[in-house]
Amino acid sequence: MKNWNKKHISKEQVHFLQEKYNINALTASILLRRGISDGKQIQFYLENDARFLHNPFLFNNMEDVVDRIFQAKEEGEKVLVFGDRDVDGITSTVVLHDCLSQMGIDVRCRLPSGTDPYGLNIPAIDDFAKEYGTLIITVDCGISNIDEIAYAANLGMDVIVLDHHNPPDTLPSPAIIIDPKCADSGYPFKDISGCAVAYKVVSALRFAKSDLYKNEIALLAPTVEGQDVFINVVKVQNLVEKEVLREKITPGTSIMDTKLIDFLRGQQIFVWDIKRTKQILDGLFGTGADFQMLDLSAEVAKRIPSMAKMTLHDLRTKSKLARYNPECDSEIKGFFNIFVTFVGRELSAQFPDDAKAEECDLQLVSLAALADIMPLIDENRILVTKGIESINKGTPRAGLLELLSLHDLLGRRVNSVDLSWSIIPALNSTGRLGQPEIGLDLFLEKNPEKRTKLAKKVVEMNNERKRLGQEACDYGLPKSKESIEKYDGKLCVVIDERINRGVSGILASKLVSIYDIPSMAITFVDDTAIGSMRSCRGFDATVFLDKMNDIFISHGGHNYAAGFSFKKKNLPQFLAHLDTLHHGITLDESSADTFEVDAELPHEFLTPDILHLADKFEPYGDSNRELLFMSRELKVADYDIVGKAAKRQHLKLTLDCGKSKWPAIFWGGAEYIHNDFEKGDFVDALFKISRNTFNGVETPQMIIIDIRKSQQ
């Protein structure tokens with residue numbers, strides 16, 4: 001019997017979160033049980049405004065990337081966007097291609113096809129050289145292509161690497177690199193997808209069309225604090241805070257004796273309420289000190305009328321960012337935040353086509369984050385939320401619309417689970433079967449009829465992928481137990497040339513889900529071994545593979561998902577490495593026998609309104625599993641057994657919760673009826689909340705995870 005664990009939390013902690021963030025006790029309790037108590041984490045659960053996203057210019061090399069791309073535009077260069085064959089790679093390629101083509105750049109795309117290896121390859125470089133191409137931009141790959149990038153440079157090409165995979169010890173050179181996992185990237189969040197990296201570059205390119213690009217601006221705000229007067233200045237460039245000055249000034253001080261002269265030299269100065277600011281400055285330095293200032297408050301009021309009569313103090317007290325980030329709780333930081341928000345709205349009004357394109361981009365970014373199993377924390381939550389919101393507005397982008405239609409998802413509200421179980425596997429199948437260009441063409445094709453044909457082809461390929469995946473499991477599972485014994489229960493390795501290379505990752509993931517240990521699936525293409533590794537329980541796959549670097553042709557990936565290849569003749573050496581290295585594998589203690597309960601719901605909480613709480617914690621995925629509730633003494637009002645008799649059958653229940661009766665489904669749970677409980681009995685249930693849509697009508701339902709007869 002599995003344990004249902006509801007972590008203890010104190011009433012004081014719950015009350016603190018309620019008061020500070022204006023949330024109800026149930027929401028506060030769930031956050032605390034999930035270990036989310038800091039404002040910097042909480043903001044991404046309670047807010048979905050794009051203002052909470054990290055600025056793309058926090059990447060140290062972003063200006064270099066933007067300038068090189070604009071140079072390509074000005075000089076009429078040919079640009080190649082080279083991506084990867086999976087969903088992240090396809091969407092990354094589309095996002096960057098769309099932007100560059102809209103800029104008028106001569107751009108073409110290429111993905112690894114057929115038996116091509118992962119990442120940039122020599123034939124692709126040679127083909128581009130024949131077209132007299134001069135700039136290659138890799139997306140969702142490139143960080144490990146040291147030899148290929150050097151080769152391109154020898155042919156006179158520049159390379160920009162936009163990647164998010166774990167970098168090797170030696171980075172490719174010469175190249176401009178944007179990768180949040182590089183130690184010197186400057187970016188505050190490492191776990192965004194490759195498509196999100198491409199989106200950040202596209203956002204920077206759009207901003208660079210404005211007059212503010214590279215221009216340094218000073219925001220000045222004097223504050224009177226008791227008997228003291230302080231001059232606060234923030235230097236801003238590309239909407240990034242560059243430098244801060246806070247200086248206490250005594251009335252009558254000569255401005256020449258302050259740091260202000262040097263700090264403000266050559267700066268365009270913005271203030272909030274120029275009349276009040278001038279009065280304070282005149283009181284400090286006399287009327288002889290001439291500050292050339294522009295009043296931002298009047299301009300902001302035109303775009304955001306509610307701020308027309310607000311002071312900086314008012315802005316500070318109403319700042320959402322300050323609520324979650326104590327370092328933002330000052331008048332000058334409030335001024336900076338309003339400036340960033342104002343500029344964003346100005347640019348949306350000035351470039352409306354860019355604002356529309358951004359929505360289309362975010363739809364793809366959301367797919368990529370879910371497909372690449374990015375942790376749904378920090379800004380990933382907003383990126384995915386905004387993308388799904390855009391889809392649910394009824395305006396899915398070209399290509400996605402056709403896929404949604406074929407999966408009967410148009411006209412209903414989709415969520416992260418819908419996309420993960422339907423759209424993403426279908427799109428992924430094109431790369432797994434060696435034809436990612438079909439997925440790419442689906443998004444780039446302008447003709448609706450051709451897009452529909454491509455979408456149908458994608459669905460057909462997904463059906464074939466399912467067949468190959470089942471075959472791989474049939475081949476691999478019988479071998480898996482022997483492998484686990486060989487490696488002392490720490491590692492599972494399946495090697496079979498019958499496994500299609502496109503589904504080796506699926507088999508490795510299946511093995512992890514069954515055995516809860518790191519797993520490998522390896523097949524052969526001609527004289528090359530192609531392998532996928534999936535990991536779990538805190539064990540880093542890329543670090544493990546790095547220890548066998550001497551035999552690999554290529555390898556790399558993420559902590560929990562990586563790929564590798566080596567010459568078939570080196571298989572004995574590979575196995576010898578595993579014989580030695582598996583002894584060093586250490587895994588976190590598994591909690592597979594314990595269900596972590598987010599909240600116990602009394603009967604009066606079991607109304608359709610509970611769906612709103614479940615929505616608040618969307619999107620669900622890695623590092624943010626679906627909410628798991630428990631309730632006691634629910635009466636089994638009715639039941640039905642569904643499913644094919646030859647297979648494991650499912651149990652449909654109607655549970656009487658007092659105010660309402662809930663439909664519930666317990667997958668594979670038919671055996672519980674008559675054995676563990678009967679109709680009319682009272683049960684304790686562990687469950688998730690979902691929506692069941694039929695004929696366009698949504699009804700709430702429980703998904704039963706575990707169930708027991710109540711101990712009355």
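Five strands make up an open sheet in this structure, arranged in the order β3-β2-β4-β5-β6 with parallel pairing. At its edges sit β3 (106-110) and β6 (176-178), each of which pairs on one side only. Averaged over the sheet, and ignoring direction, neighbouring strands are turned by 15° against each other. Please keep in mind as you look around that this is a predicted model.

Let us step inside the sheet. Strand β4 (residues 135-139) pairs with strand β5 (residues 158-162) in the parallel sense, over 5 bridges. Within this pair, Leu 135 stands opposite Asp 158 of β5. The sheet also has a helix against it: α5 (residues 87-102) lies across β2 (78-82), β3, β4 and β5, and runs at about 140° to β4.

Asp 158 is a good residue to pause on. It belongs to strand β5. Is Asp 158 buried, exposed or partly exposed? Its relative accessibility is 37%, so Asp 158 counts as partly exposed. Setting aside neighbours within four places in sequence, Asp 158 is in contact with Arg 68, Thr 134, Leu 135 and Ile 136. Of these partners, Arg 68 is 90 residues away from Asp 158 in sequence, while the two C-alpha atoms are 9.1 Å apart in space.

Next, a pair of helices. Two packed helices are described by the angle between their axes and the distance between the axes. For helix α11 (residues 296-303) and helix α14 (residues 331-350), the axes come within 10 Å and cross at roughly 50°. The two helices are therefore oblique to each other, and α11 passes α14 in a left-handed crossing. On the α11 side, the contact is made by Leu 296, Glu 299, Val 300 and Arg 303. The α14 side contributes residues including Phe 335, Ile 338, Phe 339 and Phe 342, as well as Arg 345 and Glu 346.

Finally, the cysteines. A disulfide is a covalent bond between the sulfur atoms of two cysteines. How many disulfides are counted here? The count comes to 0. Why is Cys 360 not bonded to Cys 195? Cys 195 holds the cysteine sulfur closest to that of Cys 360, but the distance of 12 Å is too far for a bond. Cys 473 is in no disulfide either, and its nearest cysteine sulfur belongs to Cys 492.

| Cysteine | Nearest cysteine sulfur | Sulfur distance | Relative accessibility |
|---|---|---|---|
| Cys 360 | Cys 195 | 12 Å | 28%, partly exposed |
| Cys 473 | Cys 492 | 11 Å | 10%, buried |

Conventions:
Residues are numbered from 1 along each chain as its sequence is written. This is a predicted model: local features need pLDDT of at least 70, side-chain atom pairs count only at pLDDT 80 or more; totals for chains, interfaces and linings use all residues. Side-chain values use heavy atoms; hydrogens and water are left out. A disulfide is a pair of cysteine sulfur atoms within 2.5 Å. Buried means under 20% relative accessible area, exposed over 50%, partly exposed in between (1.4 Å probe, protein chains only). Two strands pair if DSSP finds at least two bridges between them. Helices (H or I, at least four residues) and strands (E, at least two) are DSSP runs, numbered from the N terminus. Axes are lines fitted to C-alpha atoms, for helices over the stretch in contact, and angles run from 0 to 180 degrees between N-to-C directions. Contact means heavy atoms within 4.5 Å. Angles under 35 degrees count as roughly parallel, over 145 as roughly antiparallel, 65 to 115 as roughly perpendicular and the rest as oblique. A crossing is left-handed if the near helix is turned anticlockwise from the far one by less than a right angle, and right-handed if clockwise.
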